[in-house]
Amino acid sequence: MQIDTSDVPCYVSKCLQLAILLEVSAYPKPGNVHRNADFGDTRYEHFLASAVAVAPYFKLAAEKGVLISAGKLSRSHVRIGEIIRDSAKSLRQWQRGGNTLLGAVILLSPIAVAAGAVLSKGKFSLHELREEIGKIVISTTAEDAVNVYEAIEIAQPGGLGKAPDLDVSDPNSKKRIIEENVSLYEVFKIASEYDSICSEWVNNYPVTFEVGYPYFKKQIEKTRDVNLATVNTFLKILAEAPDTLIARKAGKEKAIQVSTEAKRILELGGLETEIGKRELIIFDKKLRTAGNSLNPGTTADIVSAVLALNILEGYRP
């Protein structure tokens, strides 16, 4: 796909903003906020406002990518942690709900930088995008890690739990990160065993590229229905990768049970069939009965990244 290379950062920002909007609008997306369901403290409109709030930072990230492609900026000087931290500040300023998009911002920021670098050459390549993402995350610094810790403090996401080392709630962690020169990549490597977003970072986005992306692409080609394709992609990812937010809040066994149910509903056709749709609505209500402890929020963040890839490639609703 050819695009106007003079407007790459704006293009990338629009693509990622649209990905967020389509993800949160998909319904009945089980256990999550969507256009027909809210949480007590966080509503659908909070996510809409958040998509607006983070768009300028995706543009900034893409601008950094353009500079990388031109040889004017090294990957270690992207300051991606600063972009994530400032996004978290903006999220707080533009809506009065709880944490909305921190996980999505963490996933999408390297994609934005990489997309800027790749698209500045005038052509989109999924293979080159993934290669560039890998180079960007491994080039992160200790300063990036400290800035992401500050982003977490600002966003105050639920279900963090306790980390085995460099816990975000430990006031000494940021000092140790600087003294020991622990990069953001290395911090996320520690957390990758119990957090899917960190696992995506350090393993070059395997669920996003290898599970979600091709599945959504097939679904949209088959049905021409973005809501159906998004919800079924959500089920596909949840079925294959138990949600780590649920695991931290309610335990691994419960997370596996939720994934087993997602797989069963997908085998019934998900939103493609009447029985699948009925079971999905029941599943959605069931996941909302435990004080949001069964909220597959990490899955939703990964779906945002999946949509971003397809939109960057040229998909339009």
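Which residues are linked with R79 in a network of salt bridges? In this predicted model, select R79, E82 and E143: the three are linked in such a network.

**Stop 1: the R79 network**

Keep R79 and E82 in view and display their side chains. The two form a salt bridge in which the closest N and O atoms are 3.9 Å apart. A salt bridge is accepted here when these atoms lie within 4 Å, so the pair at 3.9 Å qualifies. Colour the two residues by accessibility next. R79 is partly exposed, at 37% relative accessibility, and E82 is also partly exposed, with a relative accessible area of 27%.

**Stop 2: R85 and D86**

Move along the chain to R85 and select D86 with it. Are these two residues buried or exposed? Both are buried. Their side chains form a salt bridge, with the closest N and O atoms 3.0 Å apart.

**Stop 3: K217 and E313**

Now select K217 together with E313. Their side chains meet in a salt bridge, 3.0 Å from N to O. K217 belongs to helix α10, residues 206-223, and E313 to helix α15, residues 297-313, so this salt bridge ties together parts that are 96 residues apart in sequence. K217 is partly exposed, at 27% relative accessibility, and E313 is partly exposed as well, with a relative accessible area of 27%. A search of the whole structure gives 19 salt bridges, including the one between K217 and E313.

**Stop 4: the largest cavity**

Empty space is the next topic. Rolling a probe the size of a water molecule over the atoms reveals where such space remains. How many cavities of 30 Å³ or more are counted? The count is 1, and the volume of the largest cavity is about 40 Å³. To see its lining, select A88, L91, R92, Q95, G98, N99, T100 and A155. Helix α3, residues 80-94, gives the most to this lining, with 3 residues. Coloured by class, the lining shows 3 nonpolar, 4 polar and 1 charged residues.

**Stop 5: the second largest pocket**

Turn next to the second largest pocket, which holds about 290 Å³ of space. Its lining comprises 18 residues, and those nearest its centre are E193, Y194, S196, P242 and T244. Which elements give two or more residues to the lining of this second largest pocket? They are α9 (196-202), α10, α12 (244-250) and α13 (252-267). By class, the lining of the second largest pocket divides into 8 nonpolar, 4 polar and 6 charged residues.

**Stop 6: N32**

Select N32, in the loop between α1 (8-25) and α2 (44-69). N32 is buried, with a relative accessible area of 6%. Add P296 to the selection and show its backbone: the side chain of N32 reaches the backbone oxygen of P296 at 3.3 Å.

**Stop 7: the cysteines**

Finish with the cysteine sulfurs. The number of disulfides is 0. Why does C10 form no such bond? The closest cysteine sulfur to that of C10 belongs to C15 and is 9.7 Å away, which is too far for a bond; a disulfide would need the two sulfur atoms within 2.5 Å. Select C198 as well: at 8% relative accessibility, C198 is buried.

Terms used:
Residues numbered from 1 in each chain as written. Predicted model: local features only at pLDDT ≥ 70, side-chain atom pairs only at ≥ 80, totals over all residues. Heavy atoms only, no water. 1 Å grid on protein atoms, 1.4 Å probe; cavity = no way out; pocket = protein on both sides within 12 Å on 5 of 7 lines; lining within 4 Å. Points joined across faces, edges and corners; volume = space filled by probe spheres on them. Helix = DSSP H or I, 4+ residues; strand = E, 2+ residues; numbered from the N terminus. Nonpolar A, V, L, I, M, F, W, Y, C, P; charged D, E, K, R; others polar. Buried < 20%, exposed > 50% of the residue type's maximum accessible area, 1.4 Å probe, protein only. Polar contact = N/O pair within 3.5 Å; in protein donor to acceptor, adjacent residues only side chain to side chain.
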